[in-house]
Amino acid sequence: MIETKIRKVGNSAVMTLTTEMLTMLDAKEGDTLFVVRGDDGSLKITPHDPAIAEALAAAEVVMDENRDLLQALA
């Protein structure tokens, strides 16, 4: 567990990400991070767009269902 503080910058509240946190996320300054709310109310920070992950999962299901057809088209 890593502890961090929330501080005020202008009209915003800011949470500082330490170098260790950035390393864990495989992120660097200037990268876009996504915050996803869990069913239990928790927040998850991820460097990957959850919408794209859902679309890729749906595409994989379609490809699995139509494997023979896709191989014939290839």
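**Exercise 1. Determine the order in which helices and strands follow one another along the chain.**

Solution. Begin with the definition: helices (H or I, at least four residues) and strands (E, at least two) are DSSP runs, numbered from the N terminus. Next, count the elements: the chain has three helices and four strands. Finally, read along the sequence, which gives the pattern β-β-α-β-β-α-α. The model is a predicted one, in which local features need pLDDT of at least 70, side-chain atom pairs count only at pLDDT 80 or more, and totals for chains, interfaces and linings use all residues. Residues are numbered from 1 along each chain as its sequence is written, and side-chain values use heavy atoms, with hydrogens and water left out.

**Exercise 2. Compare the radius of gyration of the chain with that of a compact globule of 74 residues.**

Solution. The radius of gyration is taken over C-alpha atoms, and the globule rule is 2.2 Å times the number of residues to the power 0.38. For 74 residues, a compact globule would have a value near 11 Å, whereas the chain has 19 Å. As a further step, consider the box filled by the C-alpha atoms: along the principal axes it is roughly 60 × 25 × 25 Å. Then turn to contacts (heavy atoms within 4.5 Å). Of those with a separation of 6 or more, 2% come from residues 24 or more positions apart. Lastly, 5% of the 74 residues count as buried, a term that means under 20% relative accessible area, with exposed being over 50% and partly exposed in between (1.4 Å probe, protein chains only).

**Exercise 3. Identify the two salt bridges of the structure and describe the accessibility of their residues.**

Solution. A salt bridge is a side-chain nitrogen of Lys or Arg within 4 Å of a carboxyl oxygen of Asp or Glu. One pair is K28 and D31, whose closest N and O atoms are 3.3 Å apart. K28 is exposed at 57% relative accessibility, while D31 is partly exposed at 34%. The other pair is D64 and R67, with the closest N and O atoms 3.0 Å apart. D64 has a relative accessible area of 45% and is partly exposed; R67, at 45%, is also partly exposed.

**Exercise 4. State what is notable about the phi angle of D26 and locate this residue.**

Solution. Recall first that most residues other than glycine have a negative phi. D26 is not a glycine, yet its phi is positive, at about 55°. The residue lies in the loop between α1 (19–25) and β3 (34–37). At 70% relative accessibility, D26 is classed as exposed.

**Exercise 5. Name the residues of the nonpolar surface patch and place M15 within the chain.**

Solution. Patches are made of residues with over 30% relative accessible area and no salt bridge; like charges are joined within 9 Å, and nonpolar side chains (Val, Leu, Ile, Met, Phe, Trp, Tyr) within 5 Å. Accessible areas come from the Shrake-Rupley method with a 1.4 Å probe, and for residues only the protein chains shown count as cover. The patch of about 500 Å² is made by I6, M15, V35, L43 and I45. M15 belongs to strand β2 (residues 12–15) and is partly exposed, at 37% relative accessibility.
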